[in-house]
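Grab a pencil and work through these exercises one at a time. Try each task yourself before you read the solution.

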Amino acid sequence: MADIKAEYLACPIRRVLSRFGDKWSMLVLYMLHTSETDVLRFNEIRRLMTDCSQKMLSQTLKNLEQSHLVHREFYPEVPPRVEYSLTETGKSLMPVLTALIDWGKEHFNDVVTD
């Protein structure tokens, strides 16, 4: 790690994308954004993302919570209920994410090759 230049480590693009630039984080953020209630429980997200393992989804939600993009609300009921929603910071990211999705739809055939 000592060989890496300080400019690289301080680069805002690299630092931000390393926090939530992976495909699962983007999908979770988009699922929460498009939810009719603005709130989803873990199993609701899991049903929407069938190709994401339970472990990976759990790690993704924890990471998004640590990055202050997702709020986790725990309700001490029997059985316990946990709901996830976007924070104000997460909501502020949605125009950018939506623009990226729109761009992807428009240029899908140009950038996706087999």
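**Exercise 1: How far to trust it**

This is a predicted model, and its pLDDT averages 90 over the protein, with 96% of the residues scoring at least 70.

Task: Find where in the protein confidence is lowest and where it is highest.

Solution:
- Start at the low end: helix 1, residues 6-10, has a mean of 73.
- Now go to the high end: strand 1, residues 39-41, reaches 97.
- Keep a rule of thumb in mind: where pLDDT is low, don't read the predicted coordinates in detail.

**Exercise 2: The overall layout**

Task: Work out how many helices and strands the protein has, and what pattern they follow along the sequence.

Solution:
- Count the elements, and you get 6 helices and 3 strands.
- Then walk along the sequence and write down the pattern: α-α-α-β-α-α-β-β-α.
- For the overall dimensions, the C-alpha trace spans about 50 × 40 × 25 Å along its principal axes.

**Exercise 3: Two strands and their loop**

Task: Describe how strand 2 and strand 3 are joined.

Solution:
- Look at the direction first: strand 2 (residues 70-75) and strand 3 run antiparallel, with 6 bridges between them.
- Pick out one facing pair: Val-70 is opposite Leu-86 of strand 3.
- Follow the chain from strand 2 to strand 3, and you pass through a hairpin of 5 residues.
- Pro-79 belongs to the loop between these two strands, and the peptide bond leading to Pro-79 from Val-78 is cis, with omega near -5°.

**Exercise 4: An unusual backbone angle**

Task: Say what is notable about phi of Asp-38, and where Asp-38 is.

Solution:
- Check the angle: phi of Asp-38 is near 65°, which is positive even though the residue isn't glycine.
- Then place it: Asp-38 is in the loop between helix 3 (23-34) and strand 1.

**Exercise 5: The largest pocket**

Task: Find out which residues line the largest pocket and how they divide by type.

Solution:
- Begin with the space: the largest pocket holds about 190 Å³.
- List the lining: Arg-41, Phe-42, Asn-43, Glu-44, Arg-47, Arg-72, Pro-80, Arg-81, Val-82 and Tyr-84.
- Sort by element: helix 4 (42-48) and strand 3 (81-86) are the ones that give two or more residues to this lining, and helix 4 has the largest share, with 4 residues.
- Sort by type: 5 lining residues are charged, 4 are nonpolar and 1 is polar.

**Exercise 6: Rings and charges**

Task: Work out how many aromatic pairs the whole structure has, and which ring the charged end of Arg-81 sits over.

Solution:
- Search the whole structure for aromatic pairs, and the count is 0.
- Turn to Arg-81, one of the pocket-lining residues: its charged end sits over the ring of Tyr-75, 3.9 Å from the ring's centre.

Technical notes. Residues are numbered from 1 along each chain as its sequence is written. This is a predicted model: local features need pLDDT of at least 70, side-chain atom pairs count only at pLDDT 80 or more; totals for chains, interfaces and linings use all residues. Side-chain values use heavy atoms; hydrogens and water are left out. On a 1 Å grid over the protein atoms alone, a cavity is a set of points where a 1.4 Å probe fits but cannot get out, and a pocket is an open set with protein on both sides within 12 Å along at least five of seven lines; lining residues have an atom within 4 Å of a point. Grid points are joined across faces, edges and corners, and a volume is the space filled by probe spheres set on the points. Ala, Val, Leu, Ile, Met, Phe, Trp, Tyr, Cys and Pro count as nonpolar, Asp, Glu, Lys and Arg as charged, and the others, Gly among them, as polar. Rings of Phe, Tyr and Trp (its six-membered ring) pair if their centres lie within 6.5 Å; planes under 30 degrees apart count as stacked, over 60 as edge-to-face and the rest as tilted. A charge sits over a ring if NZ of Lys or CZ of Arg is within 6 Å of the ring centre and within 35 degrees of the ring normal. pLDDT is the predictor's confidence in each residue, from 0 to 100. Two strands pair if DSSP finds at least two bridges between them.
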